[in-house]
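Biologist: I've got this one open on my screen and I'd like a close look at how its pieces pack together. Pick a part and walk me through it slowly, please.

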Amino acid sequence: MAPRASRAWLIDLVLLGALWGASFLFMRIGAAEFGALPTAAVRVGVAMLFLLPLLLLRGQWAALRQHWKPALSIGILNSGLPFAFFAFALLTLTSGLGAVLNATVPMFGALVAWALFNDRPDGSRILGLVIGFTGVAMLAGRSAGFHSGADESAVLWAIGACLAACICYAFSANLTRRYLSGVPALATATGSQVGATLALALPAAWLWPTQMPSLRAWLALVALGTACTGLAYILFFRLIERAGPARALTVTFLVPVFAIFYGVVFLGEHVTAWMLLCAVVIVCGVALSTGLVKLGRRAAAR
């Protein structure tokens with residue numbers, strides 16, 4: 001009984017990886033017809049409508065009302081901006097490549113923690129940062145994983161948008177730790193979607209497509225908002241509670257696997273050997289830079 005309960009978090013981990021991997025598939029489908037900002041706005045709006053009733057049913061409205069300022073503000077960094085950046089990037093990049101770049105979030109998190117909290121990384125983690133960013137540079141140096149016809153400037157802007165999204169995630173995670181520690185996870189998640197929705201509403205309305213998007217695009221964004229955002233947030237915070245943040249962090253290794261699989265099966269995307277090599281380099285860098293893997297552990301134990 002106890003061993004089975006202790007491993008229950010693995011189900012949440014795999015399901016979360018599958019949901020967040022699918023988010024890149026749905027973003028690419030939606031962004032092609034809605035555009036980047038409207039895609040992000042519909043995503044957070046649907047997630048907000050999904051989470052608000054749950055918040056009220058759980059009786060956590062008071063927690064959100066008490067901490068609404070940091071929750072809504074951090075939501076812009078945690079959801080609004082990165083969702084828009086990724087939607088823009090996926091107009092040029094394949095969903096699999098976008099997910100591989102998303103795996104650099106923990107590396108940026110380590111850098112932000114170093115800058116804001118003086119959490120100085122050891123030699124092993126610094127080596128991981130170097131390896132991880134080398135993998136990103138390798139990806140940027142070749143056109144593996146880009147849509148046909150994309151020129152060099154579009155590719156660089158797309159990669160830059162992905163990295164900007166990762167930096168937003170890194171800052172929001174550290175700001176959440178500082179200003180929302182102890183706040184119920186559902187209240188934090190709901191507040192972040194409310195804040196992101198308010199921030200994106202006017203820009204999205206201004207850039208709303210003149211031609212009504214297809215039913216396929218609408219369904220993609222509904223799935224993106226409910227399953228890949230609302231439900232995924234609940235799973236993520238539950239995973240942190242059950243397994244701790246270090247194990248929860250390993251979901252970033254699963255997301256590219258699912259995203260690449262979905263892209264190949266449903267969108268006919270091609271995966272090159274160079275892209276897979278770069279993904280392995282980035283994952284190794286993330287594992288070292290976050291402390292999940294340490295060099296010289298046996299030597300230190302002796």
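Modeller: Let's begin with the whole chain: of the contacts in the protein chain with a separation of 6 or more, 90% are between residues 24 or more positions apart. Keep in mind that this is a predicted model. The secondary structure comes to 15 helices and zero strands, so helix packing is the thing to look at, and two packed helices are described by the angle between their axes and the distance between those axes. Of the 302 residues, 50% are buried. The chain exposes about 14,500 Å², with carbon and sulfur atoms supplying 68% of that.

Now zoom in on helix 2 (residues 9–34) and helix 13 (residues 251–267), whose axes are 7 Å apart and at an angle of about 45°. That angle makes the two helices oblique to each other, because 45° is neither under 35 degrees, which would be roughly parallel, nor in the 65 to 115 band for roughly perpendicular. Their crossing is right-handed. On the helix 2 side, the residues that meet helix 13 include Leu13, Leu16, Gly17, Trp20, Gly21, Phe24, Leu25 and Arg28. Facing them from helix 13 are residues including Val251, Leu254, Phe258, Ala259, Tyr262 and Phe266.

Next, take helix 3 (residues 36–57) and helix 5 (residues 68–89): their axes come within 8 Å and cross at roughly 135°. Helix 3 and helix 5 are therefore oblique as well, and their crossing is right-handed. Helix 3 brings Ala36, Leu37, Thr39, Ala40, Arg43 and Val44 to the contact, and helix 5 answers with Ser79, Gly80, Phe83, Ala84, Ala87 and Phe88.

For a single residue, click on threonine 190 in helix 10 (residues 185–206). Its relative accessibility is 0%, so threonine 190 counts as buried. Leaving aside residues up to four places away in sequence, threonine 190 touches Leu51, Leu52, Leu55 and Leu64.

Last stop is helix 14 (residues 273–289): at 1.5 Å a residue, its 17 residues should span 24 Å, and the end C-alpha atoms are 24 Å apart, so the two agree. Buried residues in helix 14 include Met275, Cys278, Val281, Ile282, Gly285 and Leu288. Just after helix 14 comes glycine 291, with a positive phi of about 85°.

Note on methods: Residues are numbered from 1 along each chain as its sequence is written. This is a predicted model: local features need pLDDT of at least 70, side-chain atom pairs count only at pLDDT 80 or more; totals for chains, interfaces and linings use all residues. Side-chain values use heavy atoms; hydrogens and water are left out. Helices (H or I, at least four residues) and strands (E, at least two) are DSSP runs, numbered from the N terminus. The expected span of a helix is 1.5 Å times one less than its number of residues. Buried means under 20% relative accessible area, exposed over 50%, partly exposed in between (1.4 Å probe, protein chains only). Contact means heavy atoms within 4.5 Å. Accessible areas come from the Shrake-Rupley method with a 1.4 Å probe; for residues, only the protein chains shown count as cover. Axes are lines fitted to C-alpha atoms, for helices over the stretch in contact, and angles run from 0 to 180 degrees between N-to-C directions. Angles under 35 degrees count as roughly parallel, over 145 as roughly antiparallel, 65 to 115 as roughly perpendicular and the rest as oblique. A crossing is left-handed if the near helix is turned anticlockwise from the far one by less than a right angle, and right-handed if clockwise.
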